[in-house]
Amino acid sequence: MNTMIRRGLAAASIALVAALGVTACSSSDTKDPTPTASSTTKAAQTTYNECIDGAVQLWDEDEDEDSDKTITTDDCAAANLISSDRTYDLGTIGTITVEASNATISVSSTKKVFFSGSNNTLTYKGEAPKVDDQGKGNTITAAG
């Protein structure tokens, strides 16, 4: 009789585990869960021509390609020059990244300049910066 009870309990246990497994894997709701946006979430927005947290994105927001407007900024730890065919007048900038091409840039002082754009002219005051030129036809000269 002892063996009969054991077999019955084993069969009942297996049936229970199998039933729970099927129930756990199935769902009466077949829709994919849809994420909901938090009411406090704001979309990230890029701010141009303003030094924020030590960095500034310099871009001519005037979409007129023939603009002769000079893009300026005060002192900032880092600046990224985006607009091509423009003139830039910069304060003291720790690191300048020039993505633009055909730009004329004057800077009060800088420690590093990285060029990825081409045919840019940079004039600096003070000590010569370290230069990493990945573009073509870029020139750097001391202000005279």
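Two strands are taken to pair if DSSP finds at least two bridges between them. In this predicted model, strand 5, residues 104-115, and strand 7, residues 130-133, satisfy that criterion in the parallel sense, with four bridges between them. Within this pairing, Lys112 has Lys130 of strand 7 as its bridge partner.

Strand 5 also takes part in other pairings. With strand 6, which spans residues 121-124, strand 5 runs parallel and is joined by four bridges, and here Ile105 stands opposite Leu122 of strand 6. The pairing of strand 4 with strand 5 is likewise in the parallel sense and extends over 10 bridges; in strand 5, the residue that stands opposite Tyr88 is again Ile105. Ile105 is thus placed opposite Tyr88 in one pairing and opposite Leu122 in another.

Towards the N terminus, the pairings continue through strand 3. Strand 4 pairs with strand 3 in the parallel sense over five bridges, and Ala79 is found opposite Ile96 of strand 4. Strand 3 is joined in turn to strand 1 by four bridges, the two strands running parallel, and the bridge partner of Ala55 in strand 3 is Ala78.

The loops between these strands contribute residues to the salt bridges of the model, of which the count comes to two. Asp60 and Arg86 form one of them, with their closest N and O atoms 2.6 Å apart. This pair links distant parts of the chain, since Asp60 lies in the loop between strand 1 (55-58) and strand 2 (70-73), whereas Arg86 lies in the loop between strand 3 (76-81) and strand 4 (87-98), 26 residues apart. Asp60 also forms a salt bridge with Lys69, for which the closest N and O atoms are 3.9 Å apart. Through these shared partners, the salt bridges join Asp60, Lys69 and Arg86 into one network.

The members of this network can also be described by their accessibility. Asp60 counts as buried because its relative accessibility is 2%, a value under the 20% cut-off that defines the buried class. Arg86, at 8% relative accessibility, counts as buried as well. Lys69, by contrast, has a relative accessible area of 43% and is therefore partly exposed, a class that lies between the buried limit of 20% and the exposed limit of 50%. The salt bridge between Asp60 and Arg86 accordingly connects a buried acidic residue with a buried basic one, while Asp60 is joined to Lys69 by the other salt bridge, in which the lysine is partly exposed.

Key
Residues numbered from 1 in each chain as written. Predicted model: local features only at pLDDT ≥ 70, side-chain atom pairs only at ≥ 80, totals over all residues. Heavy atoms only, no water. Salt bridge = Lys/Arg side-chain N within 4 Å of Asp/Glu carboxyl O. Buried < 20%, exposed > 50% of the residue type's maximum accessible area, 1.4 Å probe, protein only.
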